[in-house]
Amino acid sequence: MAQKVIDWAMQMFGGGGTSNDHLLTAALATARVLRLADGPDEVHRNQIGQLEVRRHRGTDPLLSGGSADVLSLRRGRTNGE
């Protein structure tokens with residue numbers, strides 16, 4: 001989110017937002033480094049997915065209101081195809 005806000009600020013300043021006259025370039029670089037230090041988003045999503053699968057592993061889908069049918073790519077589309 002910080003990167004998005006800094007990008008919006010840079011857009012407001014136009015070409016000046018990319019110069020060293022403003023602190024925006026340094027802020028953008030710092031926000032990016034902090035994002036990398038936090039770890040890749042995909043790793044976090046994978047970990048959350050594994051925790052959720054473990055949490056619901058013993059749940060009977062018929063008792064929880066679903067049949068656990070997996071949607072095909074064709075059935076899952078919402079644009080009418």
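These notebook entries record what I looked up in a predicted model of a single chain.

**Entry 1. Confidence**

I began with the confidence values. The mean pLDDT of the chain is 77, and 77% of its residues reach 70 or more. I then compared the elements: helix 1 has the highest mean pLDDT, 88, and helix 4, residues 73-76, has the lowest, 55. I kept one caution in mind for what follows: where pLDDT is low, the predicted coordinates should not be read in detail.

**Entry 2. Architecture and surface**

I listed the secondary structure next and found four helices and zero strands. Read from the N terminus, the order of elements is α-α-α-α. I looked up burial over the 81 residues of the chain, of which 7% count as buried. The chain exposes about 7000 Å², and I noted that carbon and sulfur atoms supply 58% of that area.

**Entry 3. Helix 1 and the residue after it**

Does the length of helix 1 agree or disagree with its number of residues? I took 1.5 Å a residue, by which the twelve residues should span 16 Å. The end C-alpha atoms of helix 1 are 17 Å apart, so the two values agree. Directly after helix 1 I found glycine 14, whose phi is positive, near 65°.

**Entry 4. Methionine 1 and the nonpolar patch**

I located methionine 1 in the segment before helix 1, which covers residues 2-13. Methionine 1 has a relative accessible area of 70% and is classed as exposed because this lies over the 50% cut-off. I also searched for nonpolar surface patches and recorded one of about 360 Å², made by Met1, Val5 and Trp8.

**Entry 5. Lysine 4**

I placed lysine 4 in helix 1. Its relative accessible area is 48%, so lysine 4 is partly exposed, falling between the cut-offs of 20% and 50%. I then checked its separation from leucine 28, which lies 24 residues away along the chain: the two C-alpha atoms are 9.1 Å apart.

**Entry 6. Histidine 22**

Where does histidine 22 lie? I found histidine 22 in the loop between helix 1 and helix 2, the latter spanning residues 24-38. With a relative accessible area of 27%, histidine 22 is partly exposed. I looked up its contacts, leaving aside residues up to four places away in sequence, and obtained Phe13, Gly16 and Gly17. For methionine 10, twelve residues from histidine 22 along the chain, I noted a C-alpha separation of 9.1 Å.

**Entry 7. Salt bridge**

How many salt bridges does the count give? I obtained one salt bridge. The side chains of glutamate 52 and arginine 55 form this pair, with an N to O distance of 3.2 Å. That distance satisfies the criterion because a salt bridge requires the nitrogen to be within 4 Å of the carboxyl oxygen. Both residues lie in helix 3, residues 41-56, and I noted that they are three residues apart, about one turn of the helix. I finished with the accessibility of the two partners: glutamate 52 counts as partly exposed at 35%, whereas arginine 55 counts as exposed at 58%.

Terms used
Residues are numbered from 1 along each chain as its sequence is written. This is a predicted model: local features need pLDDT of at least 70, side-chain atom pairs count only at pLDDT 80 or more; totals for chains, interfaces and linings use all residues. Side-chain values use heavy atoms; hydrogens and water are left out. Helices (H or I, at least four residues) and strands (E, at least two) are DSSP runs, numbered from the N terminus. Buried means under 20% relative accessible area, exposed over 50%, partly exposed in between (1.4 Å probe, protein chains only). Accessible areas come from the Shrake-Rupley method with a 1.4 Å probe; for residues, only the protein chains shown count as cover. Patches are made of residues with over 30% relative accessible area and no salt bridge: like charges are joined within 9 Å, nonpolar side chains (Val, Leu, Ile, Met, Phe, Trp, Tyr) within 5 Å. Contact means heavy atoms within 4.5 Å. The expected span of a helix is 1.5 Å times one less than its number of residues. pLDDT is the predictor's confidence in each residue, from 0 to 100.
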